[in-house]
Amino acid sequence: MLFAADEGDINTIIGGIAPDWGPFGSLGNEAKVMIEVVMAIAILICLGIAIWGAAKQRIGATALRDTFSAEQGKGLIIAGLTGVFIIGSLGTLFTIVYGMAV
């Protein structure tokens, strides 16, 4: 039997949003922590937008029978999840662009 959570720890999950510092390795520890905090806050805001959109879609589609609210909720869900994806991949994008420039 194979257990998915057999290896790793919480740092594997938390470290997932921290960028691979590659070309920015010369930044000080304080600057790295500030960048990680800003990225984490931005991800939480984007997830909040997606949750707000899901609630708006659900309430608009069922309780109020408001199709405009439901469509607006879909847009908020897409915008929030896209923001999470973009912020989560910023470290990789910066590393790729830096590597192509060198």
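**Annotated spans, a surface patch and side-chain contacts**

The UniProt record, an unreviewed entry, places the feature "transmembrane region" at residues 33–55 and 76–101. The structure examined here is a predicted model. In that model, residues 33–55 are 100% helix and 0% strand, and the C-alpha atoms at the two ends of the span lie 33 Å apart.

Val33 belongs to helix H2, which covers residues 29–63. With a relative accessibility of 45%, Val33 counts as partly exposed, because that class lies between the limits of 20% and 50%. Together with Val37, Ile41 and Ile45, Val33 makes a nonpolar surface patch of about 340 Å².

A salt bridge was found in helix H3, where Lys74 and Glu71 both lie. The side chains of these two residues, Lys74 and Glu71, meet at a nitrogen-to-oxygen distance of 3.3 Å. Lys74 and Glu71 are three residues apart, about one turn of the helix. Lys74 is partly exposed at 37% relative accessible area, and Glu71 is also partly exposed, at 48%. The count of salt bridges in the model comes to one.

Helix H3 spans residues 67–88 and helix H4 residues 90–101, with Ser89 in the loop between them. Ser89 has a relative accessible area of 17% and is therefore buried, as the limit for that class is under 20%. A polar atom of the Ser89 side chain lies 3.0 Å from the backbone oxygen of Phe85.

Technical notes. Residues are numbered from 1 along each chain as its sequence is written. This is a predicted model: local features need pLDDT of at least 70, side-chain atom pairs count only at pLDDT 80 or more; totals for chains, interfaces and linings use all residues. Side-chain values use heavy atoms; hydrogens and water are left out. Patches are made of residues with over 30% relative accessible area and no salt bridge: like charges are joined within 9 Å, nonpolar side chains (Val, Leu, Ile, Met, Phe, Trp, Tyr) within 5 Å. Accessible areas come from the Shrake-Rupley method with a 1.4 Å probe; for residues, only the protein chains shown count as cover. A salt bridge is a side-chain nitrogen of Lys or Arg within 4 Å of a carboxyl oxygen of Asp or Glu. Helices (H or I, at least four residues) and strands (E, at least two) are DSSP runs, numbered from the N terminus. Buried means under 20% relative accessible area, exposed over 50%, partly exposed in between (1.4 Å probe, protein chains only). UniProt positions are given in the numbering used here, feature names are shortened, and annotations may be inferred rather than shown by experiment. A polar contact is a pair of N or O atoms within 3.5 Å; within protein, one must be able to donate a hydrogen and the other to accept it, and residues adjacent in sequence count only if both atoms are side-chain atoms.
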